[in-house]
Protein chains: 2
Amino acid sequence: MQRGRVGERLPTLEDVARVAGVSRATVSRVINGIRNVDPQLHEVVWNAVGQTGYVPNRMARSLVTRRTGTVALIVSDSESHDDDPFMSRFFADPYFGRVVGGLMSVLRRSGVQLALQIVGTEDGRRRLVGDLRNGQADGVVVLSLPAVDPLPGMLVDGGVPAVMIGRPGDAVPVDYVDLANETGASLAAEHLLGRGCQQIGMISGPAEVPASSDRISGFRRTMARHGHGWVPMAAGNFTQDSGESAMRTLLAGHPDLDGVFVANDLMALGALLALRDAGRAVPDDVAIVGFDDSSAAVAATPALTTVRHPLEDMAAEAARLLLARIDDPAMRVSSVIYEPALVPRQSA
Amino acid sequence: MQRGRVGERLPTLEDVARVAGVSRATVSRVINGIRNVDPQLHEVVWNAVGQTGYVPNRMARSLVTRRTGTVALIVSDSESHDDDPFMSRFFADPYFGRVVGGLMSVLRRSGVQLALQIVGTEDGRRRLVGDLRNGQADGVVVLSLPAVDPLPGMLVDGGVPAVMIGRPGDAVPVDYVDLANETGASLAAEHLLGRGCQQIGMISGPAEVPASSDRISGFRRTMARHGHGWVPMAAGNFTQDSGESAMRTLLAGHPDLDGVFVANDLMALGALLALRDAGRAVPDDVAIVGFDDSSAAVAATPALTTVRHPLEDMAAEAARLLLARIDDPAMRVSSVIYEPALVPRQSA
DNA sequence: TTGTACGCGTTATCAA
DNA sequence: TTGATAACGCGTACAA
């Protein structure tokens with residue numbers, strides 16, 4: 001085994017061929033496991049590979065095969081300025097890491113690389129789709145943050161294999177993996193009603209984004225079914241701070257509140273803080289149900305009763321779906337919906 | 001502007017050249033901003049580019065320039081089995097996301113892509129270094145988890161521009177960005193001593209990893225300087241669960257404990273739980289100081305007094321350092337050490 | 001079964 | 001200043 005030295009030209013197929021005493025084509029065939037090769041040469045070639053320390057050049061290979069062995073995770077932001085404080089919050093959230101972990105768990109097994117792309121401008125989207133069509137990656141997993149996002153449509157039009165995590169904002173024939181958000185919100189509502197809460201409110205995310213609006217509608221529907229045709233609501237933006245101020249707002253308008261469904265755990269953490277400040281005990285005075293079952297839920301005091309969102313599993317499924325679509329671009333468009341479950345802990 | 005159609009062959013330089021009525025070489029020059037071009041042609045060419053919807057093929061370009069415009073974030077794990085529950089924990093930690101966010105904040109500005117690589121086997125390392133030397137990425141940022149890791153040395157030997165986040169376990173001439181972990185531990189010790197704690201213990205990370213051992217030695221040294229030549233310790237592995245059980249162990253052996261320095265916030269969260277179970281009030285009975293100032297610190301109850309670890313800034317600096325080294329491989333090996341600061345909150 | 005030769009889309013060298 | 005033409009490293013028809 002050769003020790004790599006700086007500056008030394010790397011061995012190419014040609015070098016291996018010379019050492020093995022065969023043609024470049026034969027070496028290529030052996031390496032790619034083509035059947036029609038003399039078993040004897042097979043061994044000779046592999047020896048030469050070991051001797052030279054040859055490693056295939058992925059770029060040269062991709063140029064001709066039009067396959068890269070890479071998929072990209074695209075975080076599609078809305079029009080963003082160069083200085084984007086939101087992005088740093090996004091990355092620090094458990095959400096991002098859970099998705100990456102789930103993707104990696106299946107991609108790794110297939111020897112597929114993961115690249116990370118952030119795009120937030122019209123120009124950025126055009127370049128991205130162009131690069132993708134050029135074979136920059138074999139396919140993409142899209143994490144779309146804005147309520148309405150032109151990217152999914154562009155990808156589909158461009159023939160780029162794509163899978164979204166979370167349903168697209170507008171109707172686009174694209175594969176996606178999602179959670180039954182309405183069901184999750186229903187579970188939360190029923191749990192609060194079941195423990196006898198009389199005045200139940202909700203802290204939601206931005207009303208425009210699909211995941212958020214689904215949780216709102218699911219919650220409203222179930223509450224209505226139980227005689228609560230109207231429920232007090234306040235909107236946050238999924239951050240802890242926004243949850244805290246939403247809770248204050250809610251409390252100010254409805255001092256008799258005894259139960260709150262919060263659309264994600266991070267905001268629930270903020271709500272807990274606001275309630276403590278207001279001198280309300282959780283769950284005795286006010287019961288809280290979060291959403292996500294993130295690490296924040298068990299870290300909270302009291303531990304959050306929450307709705308489990310199997311993000312890792314969903315991301316893994318998205319990866320599988322993507323690999324399948326890459327393999328067969330003609331595959332019919334499909335979606336996989338995961339069922340949430342209520343995780344009872346101390347807060348409700 | 002052309003609307004991309006599936007299957008349609010993408011325009012190449014040749015196509016643009018034909019439309020513009022010039023040679024391929026000229027188009028290339030215009031696109032790459034070479035000076036020696038007739039301003040008139042300049043415009044003609046750009047029009048042709050717009051008309052055809054041309055996007056340069058990065059792979060073909062990289063093949064000849066040996067530059068990819070990509071850097072890789074390598075998570076170097078110790079020998080890992082295919083099924084790696086640790087990895088999913090790692091990604092779910094705020095740590096990973098903060099690093100990615102910091103890196104992206106500077107890479108984005110330079111139009112550099114980020115790729116993600118996980119490697120944990122000897123074979124994986126060899127392939128990785130081979131790919132890297134082949135120009136798979138222009139350079140790498142290394143997050144090395146194991147105590148002793150052959151990867152940094154391999155990268156240096158291979159002439160791969162690399163920057164580590166956290167100092168290397170063994171002496172390797174590689175750039176790195178690190179935190180003054182000893183100083184941070186000292187600050188924690190002094191804070192606990194300053195508030196009058198008499199029996200102070202520590203919950204550490206794995207003793208072999210550099211960041212962890214530095215925190216241990218810094219803590220011990222400062223305690224010794226104040227007359228505490230020996231301090232009770234228990235080791236965890238940076239997870240919340242391990243912090244909880246380490247706290248129980250510590251408490252069992254030293255019931256009179258009134259102060260604990262915990263080597264990261266996640267474990268501190270676990271310690272808080274164990275203390276609550278044991279009926280000890282924080283900070284009145286036992287004061288707790290964490291480490292990292294992660295989002296977990298403010299989410300905790302009581303909010304954690306902790307040591308600020310400016311990971312985003314450090315990752316951003318690592319990215320800058322890497323870009324500089326890529327630009328000038330002969331640059332002398334350098335390291336940047338960040339100073340931690342104590343962030344006082346409720347827990348101590 | 002093996003080798004020859006061409007093409008993938010660029011950049012870079014060298015004449016013109 | 002511009003245009004042929006040769007690399008870059010590889011896969012693969014096609015021929016032998």
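## Two matching chains

Chain A of this predicted model lands on chain B after a rotation of 180° with 0.0 Å of shift along the axis, giving an RMSD of 0.1 Å (a least-squares fit on C-alpha atoms of residues with pLDDT of at least 70 in both copies). The two copies are thus related as by a two-fold rotation axis. In chain A, A:A115 has the C-alpha nearest that axis, 2.0 Å away. Both copies use the same surface: 100% of the contact residues of chain A recur in chain B (contact means heavy atoms within 4.5 Å).

Residues are numbered from 1 along each chain as its sequence is written, and chains are lettered from A in the order in which they are written. Local features need pLDDT of at least 70, side-chain atom pairs count only at pLDDT 80 or more, and totals for chains, interfaces and linings use all residues, while side-chain values use heavy atoms, without hydrogens and water.

## The nonpolar cores

The largest nonpolar core has 154 residues. Such a core is a set of buried Ala, Val, Leu, Ile, Met, Phe, Trp, Tyr and Cys residues joined through side-chain atoms within 4.5 Å, buried being under 20% relative accessible area with a 1.4 Å probe, protein chains only. A:L73, A:M247, A:I288, B:L73, B:M247 and B:I288 have the most contacts inside it. Apart from it lies another core, of 19 residues, including B:A137 and B:Y176.

Leaving out residues up to four places away in sequence, A:L73 touches A:F96, A:L103, A:L114 and A:V141, among others.

Note on methods: Buried means under 20% relative accessible area, exposed over 50%, partly exposed in between (1.4 Å probe, protein chains only).
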